[in-house]
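Let us examine how a nonpolar core and charged pairs may be read from a structure. The dialogue below takes each feature in turn.

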Amino acid sequence: MTPQNLMLLPLSTPKLSIGCPLLDHCLGGGIPCNSITELVGESGSGKTQLCLQLTVRAQLPPSHGGLGGSSVYIFTEFSFPFRRLQELGNLYHASYPNLIRLEPLEDIYVHGVHDAQELIHVLRDIEAFIAIDHTCLPVKLIVIDSITALFLSQYQTTPADLKRRSEMFFNISGTLKGLANKYGLAVVVTNQVVDFIGPHHGVNGVRLGNLESLDTSGRRVSPALGLAWAHCINSRVFLARHEQSIEVDIRNAPSTSICSQTHRTFHLVFAPHLAYESAEFVIKKEGIVGVSQ
């Protein structure tokens, strides 16, 4: 291995396209395999929407930005949005009739978990599932939506519990990275945000990534699960949303009406070998799409 070869390694990693050149550019081409990418943001920022989109796009061949594989989607909150996934699957099949099966959901394996220990067991089952190769398409994407819910009530703030929680973080991330490297998978996890009060130079005086602070809906926030979890992931994307009031002229009305418009921004907080990038995006029927400024 020469220094020249090492310089080429980031470029040779397979990547899963989001399906939008603007957002792919922020990530240096898409969601990378062999590593863990975190999507962090408040509720309604587009995290689950993006995850659903990726599970369908993963079925496309590499020549069309996909991974030519199936997906495992682990959900931990509420009920799984099967209707929205079916809608996306139908739209992508219509756009790529010869590349995506008539029933795209047959290549997406959904499993619900309720605590961190159960997730460890499920990940072991997934490895056996991949190794036996039961699927029509090889598994190439694992999604966990969200990692935060597994730790909200199970652990207290005592030193002993915080130590146990950190150990579980590294157990989960180590298992995920092992699967990603062994089978060439892309791993995507979602994380929530918490309100942050403190100085503007990072969290507890430590700045992680390209942004001094994260702001969404007029609030200053930080990713949940703290610094210990931040060291378990390879890349972090922050999805911000902001409401803006605009005046709208209504025909035959004596005055204008005030409406609320949502603006969403995709921020690359940190990733190996990549500088800060951002892009505005909207959520449409066909999925998340970047907006040129």
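**Cores and salt bridges**

R84 is buried, its relative accessible area being 17%. The model under discussion is predicted.

Q: Is R84 paired with a residue that is buried or partly exposed, and which residue is it?

A: Side chains of opposite charge can pair when their charged atoms come close. In this model, R84 forms a salt bridge with E87, and the closest N and O atoms are 2.6 Å apart. E87 is partly exposed, with a relative accessible area of 29%. The two residues are three apart in helix 4 (residues 82–95), so about one helical turn separates them.

Q: Where do the partners K182 and E127 lie?

A: K182 lies in helix 6 and E127 in helix 5, so their pairing ties together parts that are 55 residues apart in sequence. The closest N and O atoms of this salt bridge are 3.2 Å apart. K182 is exposed, at 57% relative accessible area, whereas E127 is partly exposed, at 29%. Elsewhere, E42, D195 and R219 are joined into one network by salt bridges that share partners.

Q: How many salt bridges are counted?

A: The count comes to six. One of them joins R236 to E38, with the closest N and O atoms 2.4 Å apart. This pair links distant parts of the chain, since R236 belongs to strand 11 and E38 to strand 3, 198 residues away.

Q: Are R236 and E38 buried or exposed?

A: A residue counts as buried when its relative accessible area is under 20%. R236, at 5%, is therefore buried, and E38, at 0%, is buried as well.

Q: How should the largest nonpolar core be read, and which residues have the most contacts inside it?

A: In soluble globular proteins, nonpolar side chains tend to be buried together. Here the largest nonpolar core has 40 residues, and those with the most contacts inside it are I74, I142, I147, F151, I172 and L176. Among the elements that each supply at least two residues are strand 4 (70–75), strand 6 (139–145), helix 5 (116–132) and helix 6 (159–183). Helix 5 gives the largest share, seven residues.

Q: Which residues does I172 contact, leaving aside its neighbours within four places in sequence?

A: I172 is in contact with A116, L119, I120, L123, I147 and F151. A second, separate core has 37 residues, including I31, L52, L141 and A186.

Methods
Residues are numbered from 1 along each chain as its sequence is written. This is a predicted model: local features need pLDDT of at least 70, side-chain atom pairs count only at pLDDT 80 or more; totals for chains, interfaces and linings use all residues. Side-chain values use heavy atoms; hydrogens and water are left out. A nonpolar core is a set of buried Ala, Val, Leu, Ile, Met, Phe, Trp, Tyr and Cys residues joined through side-chain atoms within 4.5 Å. Buried means under 20% relative accessible area, exposed over 50%, partly exposed in between (1.4 Å probe, protein chains only). Helices (H or I, at least four residues) and strands (E, at least two) are DSSP runs, numbered from the N terminus. Contact means heavy atoms within 4.5 Å. A salt bridge is a side-chain nitrogen of Lys or Arg within 4 Å of a carboxyl oxygen of Asp or Glu.
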